[in-house]
Amino acid sequence: MLNLPPLSLYIHIPWCVQKCPYCDFNSHALKEEVPHEAYVSHLLADLDQSLRLAPQRPVSSIFIGGGTPSLLSAEAMHRLMDGVRQRLCLLPGAEVTMEANPGTVEAARFEAYQAAGINRISIGVQSFSAEKLQRLGRIHGPQEAKEAARLAKRLGLLSFNLDLMHGLPNQTPQQALDDLRQAVELEPPHLSWYQLTIEPNTLFGSRPPVLPDDDALWDIYQRGHELLCAAGYVQYETSAYAKPGYRCHHNLNYWRFGDYLGIGCGAHGKVSLSDGRIVRTVKTRHPRGYMEGRYLAEQNDVEPQDRPFEFFMNRFRLLEPCPREQFGQLTGLSESIIRPNIDRALEAGYITESDTEWQVTKKGKLFLNSLLELFL
Ligand code: SF4
C-alpha cells in the first residue's frame, strides 16, 4: 500500500515576449496580447478536472512557472489565486512561488501579485553581463535584473530566488564568478545556479555556440561552489543553494517523490492513489488546443518495474540522506526488490547505507548518471 505524500500544484503560463535560443521549455513567443481572462478560466476548469485524482487532499505549495508568468496581469493573477483557493485547501503558510522575468517587472504589479497571495518570487537573471544576456536572447539588461531583486527584497516576501546560469558562450571562469559575486551582493535567500546545456530543437541546438571546455567548467564549478559556501549558502541539490531555512519546498517535494497536480499548457502531474496506483498526467502543450478545452493529453500509470528508477532519479539529486522506509512507503514496493541494485551502488562507492538511511557520496554526486543507471 502507498502512503500518500504531500501534494503540490504547478501552474504553467506558456507565453514569453520572445523565444530564447537555448530554451526548450514549453514557451511560445507572444504574437498578440496575453488572453488573460480566458486563460485563467481554462486553468480553473483544468483544475476542477485534475482535482478528481486528488479529492480533499490539502496542497502544501504552489509554483507558477512558464514561459513568463509575470506577463499575466495583476487582475488575472488575483482571479487565478482566488479560484485556486476556492477549489482546494491550501495549507496555512504554504509557499506560493511565481517566476518573473526582470524585463517584465514593475513595482506596482509585484505588489499586486503579493496581494493576490504570491509569497515567493523566482527571478530569471541568468547573468549580469550585458553581452552575455544579449547572446542568450534575453530581453532584460543587468540593471533591470538588479532592480527586480531589490524590489523582491523590499516587498518582504517569504523568500526570493535568483536563477543564474554558468558555462555561457565564451565565458571565462572570471566572468562566471563575477556573475555569482553580483548575485550574492543582492542577498537572495535562494540561488539556483545552472550550467547551460545545449538542447536539441533549439536555436543553439542547430547552431551551437562555443562553450567553455571541461577544464574551465570544472574550475567554474569548484570556485563558484566555494564562493557560495563562504557566503553562507548551503547546496542541497545539484543546482540549488539556499541560506539555512530557505530551501524551496515546492522543488523539495518533486525531488522527494512527492505528488503534484499540473495545470496549464504542457504541465506534468504525478499523483499517488489510495488503491496503490501512481498516475502521471501531461496536459495539451499548445495554447490553441488547450484553450479549446482539451486539457488532458496523456495519462499513464507508473508500472511497478519503473518505480525504483523514478524514485531514485528524484531522490538522489538531493544531498540530504534518503530515509530507507520512504522507498516502500512511496513506491509500494519491498526493499528486497532493489537489494541487488543497492549492493552494486554500495560496491561502486556511489552511496553509503545505515540501518535507516542511504546517503549519496561525493563520487555518487559526480557520477549521478552512472548511479541512476543501476536502477534502470
Ligand atoms: S524567458 Fe525563459 S521560458 Fe521564456 S523563452 Fe526565455 S528561457 Fe524560455
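**Helix packing, buried residues and local backbone features**

In helix α5, the residues P142, A145, K146, A148, A149, L151 and A152 are buried. The model described here is a predicted one, and the cover over these buried positions of α5 includes α3, β6, α4, β7 and α6. Helix α5 comprises 13 residues and reaches 19 Å from its first C-alpha to its last, which is close to the 18 Å expected at 1.5 Å a residue. Just after α5, the backbone at G156 adopts a positive phi of about 65°.

Helix α6, spanning residues 173-185, likewise has 13 residues, and its reach of 18 Å from first to last C-alpha is close to the expected 18 Å. The buried residues of α6 are P173, A176, L177, D179, L180, Q182, A183 and V184, a set that contains D179 and Q182 alongside A176 and L177. These buried residues pack against strand β6, helix α5, strands β7 (159-166) and β8 (190-195), and helix α8. Helices α5 and α6 thus appear in each other's surroundings, since α6 is among the elements covering the buried residues of α5 and α5 is among those against which the buried residues of α6 pack. Just after α6, E187 takes a positive phi of about 55°.

Helix α2 (residues 74-87) has 14 residues and extends 20 Å between its first and last C-alpha atoms, close to the 20 Å expected at 1.5 Å a residue. Its buried residues are A74, A76, M77, L80, M81, G83 and V84, and they pack against strands β1 (7-13), β4 (59-66) and β5 (90-100) as well as helices α1 (36-50) and α3 (107-116). In the loop between β4 and α2 lies G67, and the peptide bond that joins G66 and G67 is cis, with an omega of about 20°.

Two of the elements that pack against α2, namely β1 and α1, contain polar residues for which the contacts were examined individually. S8 lies in strand β1 and counts as buried because its relative accessibility is 0%. Apart from its neighbours within four places in sequence, S8 is in contact with V59, S61, H250, N253, D259, Y260 and L261; of these partners, V59 and S61 fall within the residue range of β4 (59-66), whereas H250 and N253 fall within that of α9 (249-255). D46 lies in helix α1 and, at 1% relative accessibility, is also counted as buried. With its neighbours within four places in sequence left aside, the contacts of D46 are I263, G264, K283, Y290 and Y295.

Positive phi values were also found within a strand and in a loop. Q126, a residue other than glycine, has a phi near 70° and is found in strand β6, which covers residues 120-126; its relative accessibility of 7% places Q126 among the buried residues. F257, which is not a glycine either, has a positive phi of about 65° and lies in the loop between α9 (249-255) and β11 (259-263). Despite this loop position, F257 counts as buried because its relative accessibility is 1%.

A further buried loop position is G137, found between α4 (130-135) and α5 (142-154), with a relative accessible area of 14% that lies under the 20% cut-off for burial. Although G137 and K19 are 118 residues apart along the chain, their C-alpha atoms are separated by 7.6 Å. Leaving aside neighbours within four places in sequence, G137 is in contact with Q18, C20 and P21.

At the surface, W218, L366 and F367 make a nonpolar patch of about 330 Å². W218 is found in helix α8 (residues 214-230), an element that also packs against the buried residues of α6, and at 43% relative accessibility W218 counts as partly exposed.

With regard to annotation, an unreviewed UniProt entry lists residues 1-237 as "domain: Radical SAM core". In the predicted model, the end C-alpha atoms of this span lie 29 Å apart, and the span is 39% helix and 23% strand.

Conventions
Residues numbered from 1 in each chain as written. Predicted model: local features only at pLDDT ≥ 70, side-chain atom pairs only at ≥ 80, totals over all residues. Heavy atoms only, no water. Helix = DSSP H or I, 4+ residues; strand = E, 2+ residues; numbered from the N terminus. Expected span 1.5 Å × (residues − 1). Buried < 20%, exposed > 50% of the residue type's maximum accessible area, 1.4 Å probe, protein only. Contact = heavy atoms within 4.5 Å. Patch = residues over 30% accessible without salt bridge, like charges linked within 9 Å, V, L, I, M, F, W, Y side chains within 5 Å. Areas by Shrake-Rupley, 256 points an atom, 1.4 Å probe, with all protein chains shown as cover. Salt bridge = Lys/Arg side-chain N within 4 Å of Asp/Glu carboxyl O. UniProt positions renumbered as here; feature names shortened; annotations may be inferred.
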